[in-house]
Amino acid sequence: HGFGRTDLGITGRWRFFTSEKHKLEVAYNPTVFVPTGRRSNFDHLGPSQGFTSFENAIAITKDLGRWSTNSHIGYHAPLASMERTENYAGAFHMNGAVGYQVCRWLHPELELVWLHEFEKHGKGGKILSLVAGTIIPVNNHVRFDLGVQQDLFGSGTEQNTAGIFKIAVTI
């Protein structure tokens, strides 16, 4: 068992392509993860990775009336030695989501996430997860993301259930 807060992710977003005609956006999302949560030990699973890392990702969003589709593809790399990361060498991930804008302040979504972790000496794990959640825009600059992520199946890694609570602030 385990609990606690996870690491702090500081992200940016550079939308480098927008088509109003096709309701399509493509953006680059770099993220730095700072270890602020509790690490795992023999008695407790912790949600922190315990080291700083960096992620490069591309996000594609397409709106179809009140429906929206999103996809995200990226690579997460540790910024620490192999000893500190316990041989973790990075992870490739991709996801696809579909959502519906019920009203101005409520946007439920379903998302599938594929994660492939790499370790030194060719080891690693793979996992497929399902996320059910909602996006709640407060105004043009603040939104809340709430949800639950359930790992469905995979190999070479732990299966978890995680709650999601995120505050997004746009400047």
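Here are some exercises with worked solutions on the predicted model shown above.

**Exercise 1. The whole chain**

Work out what the chain is built from, and decide how compact it is for its length.

*Solution.* Start by counting elements: the chain has 11 strands and 0 helices. Reading along the sequence then gives the pattern β-β-β-β-β-β-β-β-β-β-β. Next, check the radius of gyration, which is 17 Å; the globule rule gives 16 Å for 171 residues, and these are close, so the chain is as compact as a globular protein of that length. For the outline, picture a box of roughly 50 × 30 × 30 Å along the principal axes, filled by the C-alpha atoms.

**Exercise 2. Inside, outside and charge**

Find how much of the chain is buried, what its surface is made of, and how its charges are spread.

*Solution.* First the inside: 26% of the 171 residues are buried. Then the outside: the accessible surface is about 11100 Å², and carbon and sulfur atoms account for 62% of that. Now the charges: there are 16 positive side chains and 15 negative ones. The centres of those two sets sit 6 Å apart. One more thing to look at is how contacts link up the sequence. Take the contacts with a separation of 6 or more, and 44% of them join residues 24 or more positions apart.

**Exercise 3. Two threonines**

Say where Thr31 and Thr61 sit, and which side chains they make polar contacts with.

*Solution.* Take Thr31 to begin with. You'll find Thr31 in strand E4, which covers residues 31-34. Its relative accessibility is 9%, and because the cut-off for buried is under 20%, Thr31 counts as buried. Its side chain has a polar contact of 2.9 Å with the side chain of Thr11. Leaving out residues up to four places away in sequence, Thr31 touches Gly9, Ile10, Thr11, Ser53, Phe54 and Glu55.

Now go to Thr61, in strand E5 (residues 53-64). With a relative accessible area of 16%, Thr61 is buried too. Here the polar contact runs to the side chain of Asn70, at 3.2 Å. Beyond the neighbours within four places, the contacts of Thr61 include Arg13, Lys23, Leu24 and Glu25. Thr69 and Asn70 are also among them.

**Exercise 4. A buried alanine**

Is Ala27 buried or exposed, and which residues does it touch?

*Solution.* Locate Ala27 in strand E3, residues 24-28. Its relative accessible area is 0%, so Ala27 is buried. Then list its contacts, skipping neighbours within four places in sequence: Arg13, Trp14, Arg15, Phe16, Ala57, Ile58 and Ala59.

**Exercise 5. A histidine in E7**

Work out which residues surround His93 and which side chain it pairs with in a polar contact.

*Solution.* His93 lies in strand E7. Its relative accessible area is 11%, so His93 is buried. Beyond its neighbours within four places, His93 is in contact with Glu55, His72, Ile73, Gly74, Tyr75, Trp114 and Leu115. Pick out Glu55 from that list: its side chain makes a polar contact of 3.4 Å with the side chain of His93. You've met Glu55 before, as one of the residues touched by Thr31. For a wider view, Lys123 is 30 residues from His93 in sequence, and their C-alpha atoms are 16 Å apart.

**Exercise 6. The loop between E6 and E7**

Compare Arg84, Glu86 and Asn87: how accessible is each, and which have a positive phi?

*Solution.* Place the loop first: Glu86 is in the stretch between strand E6 (67-78) and strand E7 (88-100). Arg84 belongs to the loop between E6 and E7, and so does Asn87.

Next, accessibility. Glu86 is at 60% and counts as exposed, because the cut-off for exposed is over 50%. Arg84, at 46%, is partly exposed, and Asn87, at 33%, is partly exposed as well.

Then the backbone: Glu86 has a positive phi of about 55° without being a glycine. Asn87, also not a glycine, has a positive phi near 75°.

Finish with distances from Arg84. Ser53 is 31 residues away in sequence, with 12 Å between the C-alpha atoms. Ala27 is 57 residues away along the chain, and its C-alpha is separated from that of Arg84 by 32 Å.

Methods:
Residues are numbered from 1 along each chain as its sequence is written. This is a predicted model: local features need pLDDT of at least 70, side-chain atom pairs count only at pLDDT 80 or more; totals for chains, interfaces and linings use all residues. Side-chain values use heavy atoms; hydrogens and water are left out. Helices (H or I, at least four residues) and strands (E, at least two) are DSSP runs, numbered from the N terminus. Buried means under 20% relative accessible area, exposed over 50%, partly exposed in between (1.4 Å probe, protein chains only). A polar contact is a pair of N or O atoms within 3.5 Å; within protein, one must be able to donate a hydrogen and the other to accept it, and residues adjacent in sequence count only if both atoms are side-chain atoms. Contact means heavy atoms within 4.5 Å. The radius of gyration is taken over C-alpha atoms; the globule rule is 2.2 Å times the number of residues to the power 0.38. Accessible areas come from the Shrake-Rupley method with a 1.4 Å probe; for residues, only the protein chains shown count as cover. Lys and Arg count as positive and Asp and Glu as negative; His and the chain ends are not counted. The place of a charge is taken as NZ of Lys, CZ of Arg, CG of Asp or CD of Glu.
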